[in-house]
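Please open the structure in your viewer and keep the selection panel at hand. The tour below proceeds from one selection to the next.

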Amino acid sequence: MQVYLPIAEISVNILLLFGLGALVGILSGMFGVGGGFLITPLLFFMGIPPAVAVATGANQIVASSVSGVLAHLKRRTVDLRMGTVLLSGGIVGAAVGIWVFNLLKGMGQVDLLVRLCYVVFLGIIGGLMFFESLAALRRSRRGGPPRRKHHGWVHGLPFKVRFRTSGLYISAIPPALVGLCVGVLSAIMGVGGGFIMVPAMIYLLGMPTKVVVGTSLFQIIFVTAFTTMAHAITSQTVDILLALVLLIGGVIGAQIGTALGMRLKAEQLRIALAALVLLVCGKLALDLFLTPADLFELGVGE
Amino acid sequence: MIRALLLLLALTLPARAEEVVMGLSRDSVAITTDFNGSEVLIFGAVKREAAIQADPPLRVIVSVAGPVTPVTVWRKERRLGIWVNTEAVEIDAAPSFYAVASSAPWDESISEVEDLRHKVSIERAIRSVGAPMAIADSQSFTDALIRVRERAGLYKTFYDSVEFRESTLFDVAIRMPATIVEGTYTTRVFLTRGGTVVSQHASTLEVRKVGLERWLFNLSRNQSALYGLLSLVIAIAAGWGASAAFRALKSG
């Protein structure tokens, strides 16, 4: 069954889109990632113009994140105070990111930069998470005591705030900075930024994994809503019809994903996410290094 | 008096031996929600007052062209192991869709000069004047554009495929893919003899979005802030709705 998308200006299979939305929704609920880093490249493969894929991806992430965060709120696994601190940094970062994006667009190399960003960030984070959680899994099998949280420079900064849900008493500066960095990257890469924020929260801020997912989703809602509006106004590339089909699949998937995530162990969850991140990274890296089928490419937009 | 003058004029002007008339199976294509490409049947006949001249034989060429826009073509090069867009050529005017069909092999249908004058073949329909000085082989960029669009089904050639009955009646069906853009499409028919155009006829075909497609597209262009808000409201409502539905399902 085909549906014609008014903004993307192509006709696509509605069931395929629905399935894509559902798949990303499941991941979103399980790992607390928006799924933008998966949905955007997958939309490219379906022949949807990159500009439309990026903008519409952001819109679809809003829906799956709302659905996911409501499920987490009910389980009290959202640190609202931490989320607000991250968010204030995130909005500033997103604004900076959109400015940088437009600057690079003028220079004509934005596509390459986006791909390089993906490969570098996905590679580093995926690799770190994979080996760390593998080690953690071995330790827990041996039955040894879990490693104590290290008290580094993060704990010596001023403006200390008590984050009760996370069980932390740390300065507000590191979370705001994490939010800022994620905001910049999410605007440049056209994703929610969960795949960067989740590890940052676990390894940098020392938050418990179960709280990280809900809090990340909470922050993603607002950053992607901001990005959607920015794209709708500046480049008019948000396709409501495409978003609608994706998000119907996405919200259902998110509910299933959240339920699945509760059944898995935190370490298993992290290994699965790390493997997924590395897989996408590998695919993107191949595209950069292998000789393309056609050395020529038509310019996007204009 | 005037009528007499007109009659005189008509009689003294050299009578055109053969004239082509054309019709389309439809004069507009509506892009609806379930739009999946469209087929247009182009048919026509040759009007003549004398007997059919057999040699050189009469040929017919039909072309359909979409709205013309500038296109940037990039060429990739390997830099530090990575494939990077390095050189670009701005092609001034390229039709977004172009199909050309003929009743005989191309070199028998039209001469090079006539093709240049009427811009019938795909290569001629694309206009590229100013390639940067640094790029020597600007032709390869134009070739790439044709190759990419042919692969997407946007540029098509059907040489030696139009059925031309008794050198009088012809018809050809041209399929447009779902990726065509909105705008006014031009359909042209050329009648050639010995490579020279003896008669031609042009007509237009409107491709327009209708209904929901039209409304959403206009909203996104004219009231983009409202459109952005609408997409957010839908997203949030869908997210909340799914959550509420699942809760009801579990408790009930």
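Which residue of strand 10 of chain B does B:Phe43 stand opposite? Select B:Phe43 together with strand 10, and the partner is found to be B:Asp171. Please bear in mind throughout that this is a predicted model.

**First stop: the sheet in chain B**

Extend the selection to strand 3 (residues 38-48) and strand 10 (residues 169-176) of chain B, which are antiparallel and joined by eight bridges. Both strands belong to an open sheet of four strands in chain B, with the order 1-3-10-9 and antiparallel pairing. To see its edges, select strand 1 (18-24) and strand 9 (163-165) of chain B, each of which pairs on one side only. With the four strands displayed, view the sheet from the side: on average, neighbouring strands are turned by 20 degrees against each other, direction ignored.

**Second stop: where chain B touches chain A**

Now display both chains. The contact between them involves 44 residues from chain A and 46 residues from chain B. On chain B, select strand 5 (68-79), strand 6 (82-95), helix 5 (138-151), helix 6 (211-222) and helix 7 (224-251), the elements that give two or more residues to the side touching chain A. Helix 7 of chain B supplies the largest share of that side, namely 16 residues. Colouring by residue class shows 27 nonpolar, 13 polar and six charged residues on the side of chain B that touches chain A.

Next, select strand 5 (residues 296-298) of chain A alongside strand 5 of chain B; these two strands pair across the chains in the antiparallel sense, over three bridges. Within this pairing, centre the view on A:Phe296, which stands opposite B:Arg75.

**Third stop: two helices of chain A**

Finally, select helix 1 (residues 14-31) and helix 3 (residues 50-74) of chain A, which pack with their axes 10 Å apart and at an angle of about 45 degrees. Helix 1 of chain A is therefore oblique to helix 3 of chain A. The crossing of helix 1 of chain A past helix 3 of chain A is right-handed.

Show side chains at the contact. Helix 1 of chain A contributes A:Gly21, A:Val24, A:Gly25, A:Ser28 and A:Gly29, while helix 3 of chain A contributes A:Gln60, A:Ser64, A:Ser65, A:Gly68 and A:Ala71. By class, this helix contact comprises eight polar and two nonpolar residues, with no charged residues.

Notes:
Residues numbered from 1 in each chain as written. Chains lettered and ligands numbered in written order. Predicted model: local features only at pLDDT ≥ 70, side-chain atom pairs only at ≥ 80, totals over all residues. Pairing = 2+ DSSP bridges. Axes fitted to C-alpha atoms, helices over the stretch in contact; angles between N-to-C directions. Contact = placed C-beta atoms within 7 Å. Nonpolar A, V, L, I, M, F, W, Y, C, P; charged D, E, K, R; others polar. Parallel < 35°, antiparallel > 145°, perpendicular 65-115°, else oblique. Left-handed = near helix turned anticlockwise from the far one by under 90°.
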